[in-house]
Amino acid sequence: VFKAHDTTLDRVVALKILKVAPGPFSDATTAVLEEARAAAAIQHPNVVAIYDVGDADGLPYIAMEYLEGRSLRTLIEQGRLAVRDAI
């Protein structure tokens, strides 16, 4: 996942790119589309908004709302999470 700039709408986005072998109908492309559809179907303050999904030069991507914060990896490395924080 990368922090990127949407030049069309002039906003910061999170860009999830899956590096896979080229091909529009690969299993990875299908998985990315299913993930995007599932996330786009949910409207909740704790779920990021999906802005775009597609394929660029054979790489499937999801462009989504960018949120500042620490990564899950960082939180886990800092020790056990309280149940409230985990939820």
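**Exercise 1. Find which residue of β2 stands opposite Lys3, then work out how β1 and β2 are joined.**

Solution. Start at Lys3: across from Lys3, in β2, stands Ala14. Keep in mind as you look that this is a predicted model. Next, take the two strands as wholes. Strand β1 covers residues 2-6, and strand β2 covers residues 11-17. Five bridges pair β1 with β2, and the sense is antiparallel. Finally, look at the link: β1 and β2 make a hairpin with four residues between them. One residue of that turn, Asp10, has a positive phi of about 50 degrees.

**Exercise 2. Follow the side chain of Asp6 and list what it meets.**

Solution. First place the residue: Asp6 belongs to strand β1. Then trace its side chain, which reaches the backbone nitrogen of Thr8 at 2.9 Å. Now set aside the neighbours within four places in sequence; Asp6 is then in contact with Arg11 and Val13.

**Exercise 3. Go from β2 to β4 and name the partners of Ala14 and Ile17 there.**

Solution. Begin with Ala14, the residue you met opposite Lys3. In β4, Ala14 has Met64 opposite. Move along to Ile17, whose bridge partner in β4 is Tyr61. Then step back to the whole pairing: β2 and β4 run antiparallel and are joined by five bridges.

**Exercise 4. Is strand β4 mostly covered or mostly open, and which strand forms a hairpin with β4?**

Solution. Take the burial first. Strand β4 spans residues 59-65, and five of its seven residues are buried, so the strand is mostly covered, with buried meaning under 20% relative accessible area. Now turn to the hairpin: β3 and β4 form one, with two residues between them. In this turn, Asp57 has a positive phi of about 55 degrees. Strand β3 takes in residues 50-56 and pairs with β4 over six bridges in the antiparallel sense. For an example of facing residues, pick Asp52, which stands opposite Ala63 in β4.

**Exercise 5. Describe the largest pocket: how much space does it hold, and what kinds of residue line it?**

Solution. Start with the volume: the largest pocket holds about 340 Å³ of space. Next, locate the lining in the sequence. Among the lining residues are Pro45, Asn46, Val47 and Val48, and also Leu67, Glu68, Gly69 and Arg70. Ser71, Leu72 and Leu75 are in the lining too. Last, sort the lining by type: six residues are nonpolar, three are polar and two are charged.

Notes
Residues numbered from 1 in each chain as written. Predicted model: local features only at pLDDT ≥ 70, side-chain atom pairs only at ≥ 80, totals over all residues. Heavy atoms only, no water. Buried < 20%, exposed > 50% of the residue type's maximum accessible area, 1.4 Å probe, protein only. Pairing = 2+ DSSP bridges. 1 Å grid on protein atoms, 1.4 Å probe; cavity = no way out; pocket = protein on both sides within 12 Å on 5 of 7 lines; lining within 4 Å. Points joined across faces, edges and corners; volume = space filled by probe spheres on them. Nonpolar A, V, L, I, M, F, W, Y, C, P; charged D, E, K, R; others polar. Polar contact = N/O pair within 3.5 Å; in protein donor to acceptor, adjacent residues only side chain to side chain. Contact = heavy atoms within 4.5 Å.
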